[in-house]
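Hi everyone, thanks for coming along. I'd like to take a few minutes to walk you through a structure, so let me put it on the screen.

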Amino acid sequence: MKYDKNYELSRREFIRKAALLGLSVGGSKTLMEVVFGDDILAASTDENPATVRWAMVVDMTKCSRREDCSDCMAACHRTHNVPAISNRRHEIKWIWREPFVNAFPELKEGRLRKDLYGAGFIVLCNHCDNPPCVRVCPTRATWRRQDGIVMMDMHRCIGCRYCMAACPYGSRSFNWMDPRKILDEKAINQDYPTRTKGVVEKCDFCAERIDRGMLPVCVEACKEKALVFGNLSDAGSPVSGLLAGRFAIRRKPELGTRPEVYYIV
Amino acid sequence: MRDKIKILAGAAIFLAVALFPLWYVRTTGKASIVPEPRLVNAGKECVNAKEYMREYHMTMLNEWRDEVVREGRRSPIVIAGVEYQKSLSDACMKCHANKSDFCDVCHNYLGVSPTCWDCHNSPKEPKHEIR
Amino acid sequence: MFEKALSGSRRYWTLVFILLALVGAGFFFYLRQLSDGLSITGMGRDVSWGFYISQFTFLVGVAASAVMVVLPYYLHDFRAFGKITILGEFLAISAVSMCVLFIFVDMGQPFRIFNVFLHPSPNSMMFWDTVVLIGYLLLNLFIGWATLGAERKGVAPPAWSRPLIYISIPWAVSIHTVTAFLYAGIPGRHLWLTAIMAARFLASAFASGPALLILLCMIVRRYTRFDPGREPIQALGKIVAYAMTINVFFIALEFFTAYYSGIPSHSHSLEYLFFGLEGHGSLAPFMWTSMGLAALALTLLINPSTRHNERWLATGAAAVFFSTWLDKGLGLVVGGFIPSPFESITEYSPTVPELMISLGVWAIGFLILTLLYKITVAVREEA
């Protein structure tokens, strides 16, 4: 069988035309949905309609919380060729540690359980159900997949950094310079691209591994099993089981972003 | 428009000189230098015919990119019983492993500089003299 | 008509070449930014927008110079503005051109900018801002060129320019509103999350645009044989006085809500900007300068005896311009990023290359303005 380019082109063209048609005939309600709605690309992804909703539970009662433990972060950053930049302004981070009172600033008033004051919490992209970053992106370089992963298309990003202004979690990093100038050439993971200067990046729940039936690399790397990943739409999944039995909090839920990273404290 | 003739003649001479490469090749039927990309694994079958690939590989790569990144459709393409990932680094570069002898030769000749390798890794090549 | 920009006095050419030299210097630094990335600026992961976007935000306001002369002239038949509508429209063209350039130099991947049109995203306020800004630029280009061309030939402006002029009035409101929406709809940036953001943008725009126009009218009168007259300049002075009063009132409203409600996150940015937060307060001197200039401007412009004196009027207009520049063109954008989502404080100050690129963009804007005003003045001197 030969690779049929016409078939592929026409399908893409059809989707585009269908979307435009929907926009023009849909009337004001559709327009309102388009402007304020969560997911304008829902029509073009045909797989996994809401039967899959990926989420993560960070069990901070299991996390070693030791300053010298960086298994999850090191594994992620090594796998995804995230450079270690010493200048804090230019740092690029997909998963890192943030003091509890910084990760949950609205909870720092009053008395807290003693151990929380010094505790470093693992933070990453929350893969919101209602992501402000997706809402503001002028090119749809970032969007929400049907399975809930907030993706980045680094090919399309124009580097306007509107998503960084919109993300209330500080989860997004910009390539202020060419990362290849900082990465150790010998340490580059040949199976994953690097980035170019001038684009935004962030954690994508290891979409490329999930699509092949693997776990995110940070989850695999944690020896304490403090990171749990799974399908929230499946009542039998490990994340559903944990959240059914334990009290968990999320970062800034009052903003209506519906973050899907839970913390057991 | 007193100088109509002069203006037209000047414009004609300019076009003739500026478009020299085009009409020279058109009339003589051959270019003086033709790029000769070299293959490492010659003889194996590619995902499509040579003529198609020569003209449309960039379109195809862009389509693969959109399918994989944007639509999450990562299932491999099967050609003559062989599975190919939709990937520049993981598929194309496995056979066309010699970027400088294969990709760059034509790209340099045409004066195009694709940004693919700003991010995507290409296989390490032995050092060789600059052509 | 353009040939009128190609002949001029020694002073004209000196100005053009000084501006060209500044453009060249800015371009040199922009080439460095292209090769090294935005790391040559003072921005970072916490303050991810800086001087460029601030200038853009402020200059959208300056573009209001057009609507504030077009509206009285065409809707209220206020004849005194007849001579200066074209100056207002050409200032708007220059301001919007700078806006577009400031967005462009802020892009991490400037060559991909057409992705905004290839993949239009109606859910993004930035998409709409691009649409309304380019629309406003084209509207003023067509209107200004057509009316000036007609004036030169001594005929009435073409019929098609009328509907465009009427469209340009609400369109001007849209550029301030949509630019305000860039900020006002973002969860978690409490300085920006205010329903009166668009109203504030309109008030400060209607103050800063006409204020600059007053100064430009005075410059044109001083150095050319074209005199806009005393009446329109005084009328503009009144507009600026009202708009600046409302602008300052709106700023006071923000303080009331933030501090009386007592919600910590709502006052953090204001606290940082004006009083310093946790020992950081590098912008406070600028903000207080802005407030001082605003107080000076209101004193000079509300009081009829000083407003009628052109020397004081010019001082007041300059005070309005620099006060709003500091408040909107620096504090508003940078302040929104401080403190960060982790409530930590990273301060921002622009770098030399960043300032030089900005100066280059301003020079392009003033070059456009100089050429357009030169043509206008030449046409008027002929008549």
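**Interfaces, a pocket and two backbone details**

Let me begin with one contact: Arg161(A) and Asp106(C) form a salt bridge through their side chains, with 2.6 Å from N to O. Please keep in mind throughout that this is a predicted model.

That pair belongs to the interface of chain A and chain C, where two salt bridges are found. Polar contacts add to the picture here, with 33 residue pairs counted between chain A and chain C, both partners at pLDDT 80 or more. Which elements of chain A supply at least two residues each to the side that touches chain C? They are the helices α2 (27-36), α4 (100-103), α5 and α6 (162-166), together with the strands β2 (95-99) and β6 (173-174). If we sort that side of chain A by class, we get 29 nonpolar, nine polar and 16 charged residues.

How many residues does each chain bring to this contact? Chain A brings 54 and chain C brings 45. Between them, chain A and chain C bury about 4000 Å², and 54% of that is on carbon and sulfur atoms.

Now let's turn to the other partner of chain A. With chain B, the contact involves 35 residues from chain A and 30 residues from chain B. The buried area for chain A and chain B is about 2800 Å², with 42% of it on carbon and sulfur atoms.

Between chain A and chain B there are two salt bridges. One of them joins the side chains of Asp153(A) and Arg70(B), at 2.9 Å from N to O. There are also eleven residue pairs in polar contact between chain A and chain B, again with both at pLDDT 80 or more. On the side of chain A that touches chain B, the elements giving two or more residues are α1 (5-25), β5 (150-152) and α7 (207-210). Which of them has the largest share? That would be α1(A), with five residues. By class, this side of chain A splits into twelve nonpolar, seven polar and 16 charged residues.

Let's move on to chain C and a pocket. The second largest pocket holds about 750 Å³ of space. Its lining is made of 21 residues, and those nearest the centre are Tyr12(C), Leu15(C), Ile219(C), Tyr223(C) and Thr370(C). Three helices of chain C each supply at least two lining residues: α1 (10-36), α8 (197-223) and α14 (352-382). Which element gives the most to this lining? It is α14(C), with eight residues. As for the character of the lining, 13 of its residues are nonpolar, five are polar and three are charged.

While we are on chain C, have a look at the backbone leading up to α14. Pro339(C) sits in the loop between α13 (310-336) and α14 of chain C. The peptide bond that joins Ile338(C) to Pro339(C) is cis, with omega at about 0°.

One more backbone detail, this time back in chain A. Arg140(A) has a phi near 55°, which is a positive value in a residue other than glycine. You will find Arg140(A) in the loop between α5 (132-136) and β4 (142-144) of chain A. The helix at the start of that loop, α5, is one we have already met, as it is among the elements of chain A that supply at least two residues to the side touching chain C.

That's my tour. Thanks for listening, and I'm happy to go back to any part of it.

Note on methods. Residues are numbered from 1 along each chain as its sequence is written. Chains are lettered from A and ligands numbered from 1 in the order in which they are written. This is a predicted model: local features need pLDDT of at least 70, side-chain atom pairs count only at pLDDT 80 or more; totals for chains, interfaces and linings use all residues. Side-chain values use heavy atoms; hydrogens and water are left out. On a 1 Å grid over the protein atoms alone, a cavity is a set of points where a 1.4 Å probe fits but cannot get out, and a pocket is an open set with protein on both sides within 12 Å along at least five of seven lines; lining residues have an atom within 4 Å of a point. Grid points are joined across faces, edges and corners, and a volume is the space filled by probe spheres set on the points. Helices (H or I, at least four residues) and strands (E, at least two) are DSSP runs, numbered from the N terminus. Ala, Val, Leu, Ile, Met, Phe, Trp, Tyr, Cys and Pro count as nonpolar, Asp, Glu, Lys and Arg as charged, and the others, Gly among them, as polar. Contact means heavy atoms within 4.5 Å. Buried area is the accessible area (1.4 Å probe) that two parts lose on being put together, summed over both. A salt bridge is a side-chain nitrogen of Lys or Arg within 4 Å of a carboxyl oxygen of Asp or Glu. A polar contact is a pair of N or O atoms within 3.5 Å; within protein, one must be able to donate a hydrogen and the other to accept it, and residues adjacent in sequence count only if both atoms are side-chain atoms.
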